[in-house]
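Student: Could you take a close look at the charged side chains for me? I'd like to hear who pairs with whom, and what surrounds them.

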Amino acid sequence: MKEINIFCEAIKNVPLVAAKIKAGSKKIIGYLCSYAPEELIYAAGFHPMRLFSSKSDIVLAEQHLQAYCCSLVRGVLEDSLSGRLDFLDGTVFPHTCDSIQRLSDIWRMNGKYEFFADVVLPAKLNTQSARTYMKDVLIKFKKDLEAAEGREITNADLEGSIKKFNLIRKNLSKIYALQSQRPGIIKGADLYAIVKGSMVMDRDEVADLLPAIVANLEKIDVPQKSVKRIVVSGSICDSPDIYTAMEAAGGVIVGDDLCTGQRWFEGEILDDENPINAIATRLLDRIICPAKHSTPTARGENIVSLAKKYRADGVIFMLLKFCDPHAFDYPYLKEFLDKEGIKNMLIEMDDQQQNSGQLTTRFETFIHMI
């Protein structure tokens, strides 16, 4: 499908994507967390781009970060220090894990980009004071963007941005729904490319391409196969090889709990007289990650709900090595799944080191067990 090929090519050469965006006189603001208020960045006239590690050897970042920081943080800093992110005009750091918060300080002191912002969103989200604070943070961020761009961000700008991102989220949700209803309708590597591409490509282009992909997928008749339905959980999954290996083992990913997946795009921003209120409401009400808190059992209940919703035969936890928040959550999430009799497995990954042979063996064993 030609539309999917556009996404696949884009994620292979992000600097080229950036060059095309900048050729249109648009500045690029990078971010490292799905809680970044992209609607505000886009409404200000900037392009929001999720940053991923290029998986290059870590050399320069060793001077700033310990080896036990996760490969995402170390890899992105390496890309910045080595000049591979020189296309950026600025960076936004939402309040998240300790490693990314420390990266924010290192970035601010060593960075060479025009714009920098710490967006310190509340960690506890289930109180009225959190809602008030969330709105105040977004208003301050809006003012920072206005100062950087030298113009006011109007309600019309925000409403147009919200409409654009809602369209993207709606179509990504449809693609996931089709994959769940007819497992194998799209290759896992292609699904990965679409989601990652939607985070880095020009959002106007993404909004145009996704409906065409949905329309084409709806026409495909997939023969029923004996496959195991898998839900994956974790922070980021930045390797198409994982999807390919899982499919070769007889499994199909039908849903996920990833910040590079459904946690990023789930939840529509509802119409509101005040667009800031609407954006805040989505950030407060969406499914939380381990860096946020709503109720003591929210994440456990969510992973069980996802497994049941997608009729999963098993859940695979794919955690980045040295990712403390997800590692702390894992035992209690596993306990929730075990109580429901849902088979699950833990895989620890590293952007710089991946043993595909070992992964394949573990996938094959798990699929055989379930």
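Tutor: What follows goes through the salt bridges, then a charged surface patch and the helix beside it, and then a few spots along the way.

Keep in mind that this is a predicted model. The count here comes to 23 salt bridges, and I'll pick out three pairs.

Start with Asp238 and Lys55, which form a salt bridge with their closest N and O atoms 2.7 Å apart. Asp238 sits in the loop between β5 (228-234) and α10 (240-248), while Lys55 sits in the loop between β2 (47-50) and α4 (71-81), so this pair ties together parts that are 183 residues apart in sequence. The two ends have their own surroundings. Asp238 has a relative accessible area of 6%, so it counts as buried, because the cut-off for that is under 20%. Lys55 is at 31%, so it comes out as partly exposed. Lys55 has a backbone point to look at as well: its phi is near 65°, a positive value in a residue other than glycine.

While we're on backbone angles, Phe322 belongs in this aside. Phi of Phe322 is near 70°, again a positive value in a residue other than glycine. You'll find Phe322 in the loop between β7 (314-320) and α14, and with 36% relative accessibility it is partly exposed.

Back to the pairs. Arg84 and Asp79 meet through their side chains in a salt bridge, at 2.9 Å from N to O. Here Arg84 is partly exposed at 35% relative accessibility, whereas Asp79 is buried at 2%.

The third pair is Arg299 with Asp329, where the closest N and O atoms are 2.5 Å apart. It links distant parts of the chain, with Arg299 in helix α13 (residues 298-309) and Asp329 in helix α14 (residues 324-339), 30 residues apart. Arg299 is buried, at 4% relative accessibility, and Asp329 is buried too, with a relative accessible area of 15%. This pair has company: salt bridges that share partners join Asp257, Arg263, Arg299 and Asp329 into one network.

Now for charges that sit in a patch. Which residues form the negative surface patch? They are Glu159, Glu268, Asp271, Asp272 and Glu273. Take Asp272 as the example: its relative accessible area is 38%, so it is partly exposed. A patch residue needs over 30% relative accessible area and no salt bridge, so the 38% of Asp272 clears the area cut-off. As for its location, Asp272 lies in the loop between α11 (262-265) and α12 (275-285).

Follow the chain on from that loop and you enter α12, which is mostly covered: eight of its eleven residues are buried. Those buried ones are Pro275, Ile276, Ala278, Ile279, Ala280, Arg282, Leu283 and Leu284. An α-helix has 3.6 residues a turn, so residues three or four places apart point the same way. Have that in mind when you trace the buried positions in α12, which include Ile276, Ile279 and Leu283. What do the buried residues of α12 pack against? Their partners are α3 (38-43), α6 (128-149), α7 (155-181) and α11.

Two of those partner helices are good for a closer stop. In α6 you'll find Tyr133, which is partly exposed with a relative accessible area of 37%. Leaving aside residues up to four places away in sequence, Tyr133 touches Val120, Leu121 and Pro122. For Leu121, the separation from Tyr133 is twelve residues in sequence and 7.8 Å in space, C-alpha to C-alpha.

The other stop is α7, where Lys174 has its place. Lys174 is partly exposed, at 36% relative accessibility. From Lys174 to Ile213 you count 39 residues in sequence, yet their C-alpha atoms are 9.9 Å apart in space.

If you want to go round again on screen, begin at the link between Asp238 and Lys55, then visit the network around Arg299 and Asp329, and finish at the patch that holds Asp272.

How values were computed
Residues are numbered from 1 along each chain as its sequence is written. This is a predicted model: local features need pLDDT of at least 70, side-chain atom pairs count only at pLDDT 80 or more; totals for chains, interfaces and linings use all residues. Side-chain values use heavy atoms; hydrogens and water are left out. Patches are made of residues with over 30% relative accessible area and no salt bridge: like charges are joined within 9 Å, nonpolar side chains (Val, Leu, Ile, Met, Phe, Trp, Tyr) within 5 Å. Accessible areas come from the Shrake-Rupley method with a 1.4 Å probe; for residues, only the protein chains shown count as cover. A salt bridge is a side-chain nitrogen of Lys or Arg within 4 Å of a carboxyl oxygen of Asp or Glu. Lys and Arg count as positive and Asp and Glu as negative; His and the chain ends are not counted. The place of a charge is taken as NZ of Lys, CZ of Arg, CG of Asp or CD of Glu. Helices (H or I, at least four residues) and strands (E, at least two) are DSSP runs, numbered from the N terminus. Buried means under 20% relative accessible area, exposed over 50%, partly exposed in between (1.4 Å probe, protein chains only). Contact means heavy atoms within 4.5 Å.
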